[in-house]
Amino acid sequence: NTMRLKEATTNIAPAYLSQRQLADYLSVGQNIARKVGQQAGARRRIGGRVVYSRADIEQYMDTVARDDQA
């Protein structure tokens, strides 16, 4: 039972991503991920840790995609 609960919770996408997670999410290197995170205004500091808001990244990427189609 405990194992099922643990498996179910690991499928939840985190609201905040580390730089490495952001790079994986965007399928780019960590330097590009950091630049995109900064351009998107998604960078947050929680204690001593830097994370990126997934919602801000998604909104930014939607905007960039729309601009490219125009």
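**Exercise 1. Decide whether serine 18 counts as buried or exposed, and place serine 18 in the chain.**

Solution. Serine 18 has a relative accessibility of 16%, and since buried means under 20% relative accessible area, serine 18 counts as buried. The structure in which this is read is a predicted model. The next step is to locate the residue: serine 18 belongs to the loop that runs between β1 and α2. Setting aside residues up to four places away in sequence, serine 18 touches Arg49, Val50 and Tyr52. Finally, glutamine 30 lies 12 residues from serine 18 along the chain, and the C-alpha atoms of the two are separated by 9.9 Å.

**Exercise 2. Describe the order of helices and strands, and state what share of the chain is buried.**

Solution. Begin with the count, which is 4 helices and 3 strands. Following the sequence, these elements appear in the pattern α-β-α-α-β-β-α. Of the 70 residues in the chain, 21% are buried. The accessible surface of the chain comes to about 5400 Å², and carbon and sulfur atoms account for 48% of that surface. As for contacts with a separation of 6 or more, 42% are made by residues 24 or more positions apart.

**Exercise 3. Work out which residues of α2 are buried, on which side of the helix they sit, and what covers them.**

Solution. The buried residues in α2 are Leu22, Ala23 and Leu26. They lie on the same side of α2, because the arc they cover around the axis is only 100°. On the face turned away from this buried side, α2 carries the exposed residues Arg20 and Asp24. The cover over the buried residues of α2 includes β1 (16–17), α3, β3 (49–53) and α4 (54–69).

**Exercise 4. Carry out the corresponding analysis for α3.**

Solution. In α3 the buried residues are Ala33, Val36 and Gly37. Viewed down the axis of α3, these residues fall within an arc of 100°, so they line one face of the helix. Their packing partners are α2, β2 (43–46), β3 and α4. Just after α3, glycine 41 takes a positive phi of about 70°.

**Exercise 5. Identify the members of the largest nonpolar core and say which helix gives the most to this core.**

Solution. The largest nonpolar core has 10 residues in all, namely Leu17, Leu22, Ala23, Leu26, Ala33, Val36, Ala40, Ala42, Tyr52 and Ile57. Helices α2 (19–26) and α3 (30–39) each supply at least two residues of this core, and α2 gives the most, with 3 residues. As background, nonpolar side chains in soluble globular proteins tend to be buried together. One core member can be followed further: beyond its neighbours within four places in sequence, leucine 17 is in contact with Leu22, Tyr25, Val51, Tyr52 and Arg54.

**Exercise 6. Give the geometry with which α2 and α4 pack, and name the residues that make the contact.**

Solution. The angle between α2 and α4 is about 35°, and their axes are 12 Å apart. The crossing in which α2 passes α4 is right-handed. From α2 the contact is made by Leu22, Tyr25 and Leu26, and from α4 by Arg54, Ile57, Glu58 and Met61.

**Exercise 7. Explain what is notable about the phi angle of serine 27, and state where the residue lies.**

Solution. Most residues other than glycine have a negative phi. Serine 27, by contrast, has a phi near 60°, a positive value in a residue other than glycine. The residue lies in the loop between α2 and α3, and serine 27 is exposed, with a relative accessible area of 66%.

**Exercise 8. Compile the surroundings of alanine 15 and of aspartate 56.**

Solution. Alanine 15 lies in the loop between α1 (2–9) and β1 and is partly exposed, its relative accessible area being 46%. Apart from residues up to four places away in sequence, alanine 15 touches Tyr52, Ser53 and Arg54. Arginine 54 is 39 residues from alanine 15 in sequence, yet the C-alpha to C-alpha distance between the two is 5.5 Å. Aspartate 56 is found in helix α4, where it is buried with a relative accessible area of 18%. With residues up to four places away in sequence again left out, aspartate 56 touches Ala40, Gly41, Ala42 and Arg44.

Note on methods: Residues numbered from 1 in each chain as written. Predicted model: local features only at pLDDT ≥ 70, side-chain atom pairs only at ≥ 80, totals over all residues. Heavy atoms only, no water. Core = buried A, V, L, I, M, F, W, Y, C linked by side-chain atoms within 4.5 Å. Buried < 20%, exposed > 50% of the residue type's maximum accessible area, 1.4 Å probe, protein only. Contact = heavy atoms within 4.5 Å. Arc of directions from axis to C-beta. Areas by Shrake-Rupley, 256 points an atom, 1.4 Å probe, with all protein chains shown as cover. Axes fitted to C-alpha atoms, helices over the stretch in contact; angles between N-to-C directions. Left-handed = near helix turned anticlockwise from the far one by under 90°.
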